[in-house]
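Thanks for coming. I will put the structure up first and then go through it piece by piece.

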Amino acid sequence: MHSTSGMHKSFWEYHQAYDHRMNSWKQEVLFTWQWWLGIALTIIPIVLWVIFRNRESTDRLLYSGFFVCLVSVTADNIGVQLSFWNYLRPVTPAIPSYLPFDFSLMPISVMFLIQFFHNRNPWFIGIVFGILTAFVGEPFFKWLGIYEPTNWKFGFSIPLYSVIYVSAHKLATRKKFKRLN
């Protein structure tokens with residue numbers, strides 16, 4: 001006998017919760033100043049990166065930036081799912097993470113740091129990046145009413161941001177890529 005009643009029930013409960021989230025988002029978030037800020041925080045860093053990037057290093061920086069984006073959105077989604085934090089003013093209700101942070105602010109900040117500080121100790125830059133992001137960025141978004149840590153302290157983020165930076169730095173500064181055949 002094949003039984004999926006628990007999974008089936010949880011699917012429908014999830015779907016109902018999503019419908020409720022979508023309706024709340026349309027009424028409380030869409031076209032608010034926080035929503036427009038999210039749109040701007042997605043677009044402006046991309047435009048700045050296109051203008052100010054080191055063109056000779058574009059491929060390497062994008063390689064590391066995509067890595068940061070992937071890790072950031074994954075960790076962010078896990079954090080929301082585990083109720084560590086919540087986003088009260090998401091740009092889209094379909095994705096639980098905060099898109100401007102995961103797809104623009106985080107990867108582009110890391111790419112610029114690598115571009116300008118690639119010769120510095122990556123752990124030093126990573127720790128400074130982690131401290132600034134955890135103790136300036138996160139409280140700022142909390143103050144704006146966008147980010148709500150529920151079972152999370154700002155300091156918990158420092159090692160995560162630091163390791164993400166150091167890993168991205170290692171990817172971007174690799175000496176040699178194997179040639180494609």
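**Walking through the model**

I will start with one residue, Arg174, which is partly exposed, with a relative accessible area of 38%. This is a predicted model, so please keep that in mind throughout. Arg174 sits in the segment that follows α6, and α6 itself covers 157-172. Leaving aside residues up to four places away in sequence, Arg174 touches Arg60 and Tyr63. From Arg174 to Ala134 the C-alpha distance is 28 Å, with their positions 40 residues apart in sequence.

One of those contact partners, Tyr63, belongs to helix α3. Tyr63 is also partly exposed, at 35% relative accessibility. Tyr63 and Asn86 are 23 residues apart in sequence, and their C-alpha atoms are 29 Å apart in space.

Now the overall layout. There are 6 helices and 2 strands, and along the sequence they come in the order α-α-α-β-α-α-β-α. The C-alpha trace spans about 55 × 50 × 30 Å along its principal axes. The protein has 181 residues, and buried ones make up 35% of them. Of the contacts between residues at least 6 apart in sequence, 75% join residues at least 24 apart.

Next, the interior. Which residues touch the most other members of the largest nonpolar core? That core has 35 residues, and the ones in question are Tyr87, Tyr98, Met106, Val110, Ile114, Phe141 and Tyr165. Two or more residues come from each of α2 (33-52), α3, β1, α4, α5 and α6. The largest share is that of α4, with 8 residues.

Met106 is worth following a little further. Setting aside residues up to four places away in sequence, Met106 touches Val68, Ser72, Phe101, Phe129, Tyr161 and Ile164. Met106 will come up again with the pockets.

The largest pocket holds about 480 Å³ of space. Its lining has 25 residues, and those closest to the centre are Phe101, Met106, Thr133, Glu138 and Tyr161. Elements that give two or more residues to this lining are α3 (58-81), β1 (85-87), α4 (99-117), α5 (122-143) and α6. Of these, α5 gives the most, with 7 residues. By class, the lining has 17 nonpolar, 5 polar and 3 charged residues. So Met106 appears both in the list for the core and in the list for the pocket centre, and two of its contacts, Phe101 and Tyr161, are in the pocket list as well.

The second largest pocket holds about 390 Å³. It is lined by 17 residues, and nearest its centre are Ala17, Tyr18, Arg21, Pro93 and Pro96. Both α1 (5-28) and α3 supply at least two residues of that lining, and the largest share, 8 residues, comes from α1. By class this lining has 12 nonpolar, 3 polar and 2 charged residues.

Staying with α1, I turn to charge pairs. How many salt bridges does a search of the whole structure find? The search finds 1. Lys9 pairs with Glu13, and their closest N and O atoms are 3.7 Å apart. In general, side chains of opposite charge can pair when their charged atoms come close. Lys9 and Glu13 are separated by about one helical turn, because they are 4 residues apart in helix α1. Is Lys9 buried or exposed? Lys9 is exposed, with a relative accessible area of 54%, whereas Glu13 is partly exposed, at 42%.

Last, two backbone points. Most residues other than glycine have a negative phi. Phe31 has a positive phi, near 70°. Phe31 is in the loop between α1 and α2 and is exposed, with a relative accessible area of 54%. Ser83 also has a positive phi, near 60°. Ser83 is in the loop between α3 and β1 and counts as partly exposed, because its relative accessible area is 39% and partly exposed runs from 20% to 50%.

To close, the items I would look at again on the screen are Met106 in the core, the lining of the largest pocket with its share from α5, and the pair of Lys9 and Glu13. That is all I have.

Key: Residues are numbered from 1 along each chain as its sequence is written. This is a predicted model: local features need pLDDT of at least 70, side-chain atom pairs count only at pLDDT 80 or more; totals for chains, interfaces and linings use all residues. Side-chain values use heavy atoms; hydrogens and water are left out. Buried means under 20% relative accessible area, exposed over 50%, partly exposed in between (1.4 Å probe, protein chains only). Contact means heavy atoms within 4.5 Å. On a 1 Å grid over the protein atoms alone, a cavity is a set of points where a 1.4 Å probe fits but cannot get out, and a pocket is an open set with protein on both sides within 12 Å along at least five of seven lines; lining residues have an atom within 4 Å of a point. Grid points are joined across faces, edges and corners, and a volume is the space filled by probe spheres set on the points. Ala, Val, Leu, Ile, Met, Phe, Trp, Tyr, Cys and Pro count as nonpolar, Asp, Glu, Lys and Arg as charged, and the others, Gly among them, as polar. A salt bridge is a side-chain nitrogen of Lys or Arg within 4 Å of a carboxyl oxygen of Asp or Glu. A nonpolar core is a set of buried Ala, Val, Leu, Ile, Met, Phe, Trp, Tyr and Cys residues joined through side-chain atoms within 4.5 Å.
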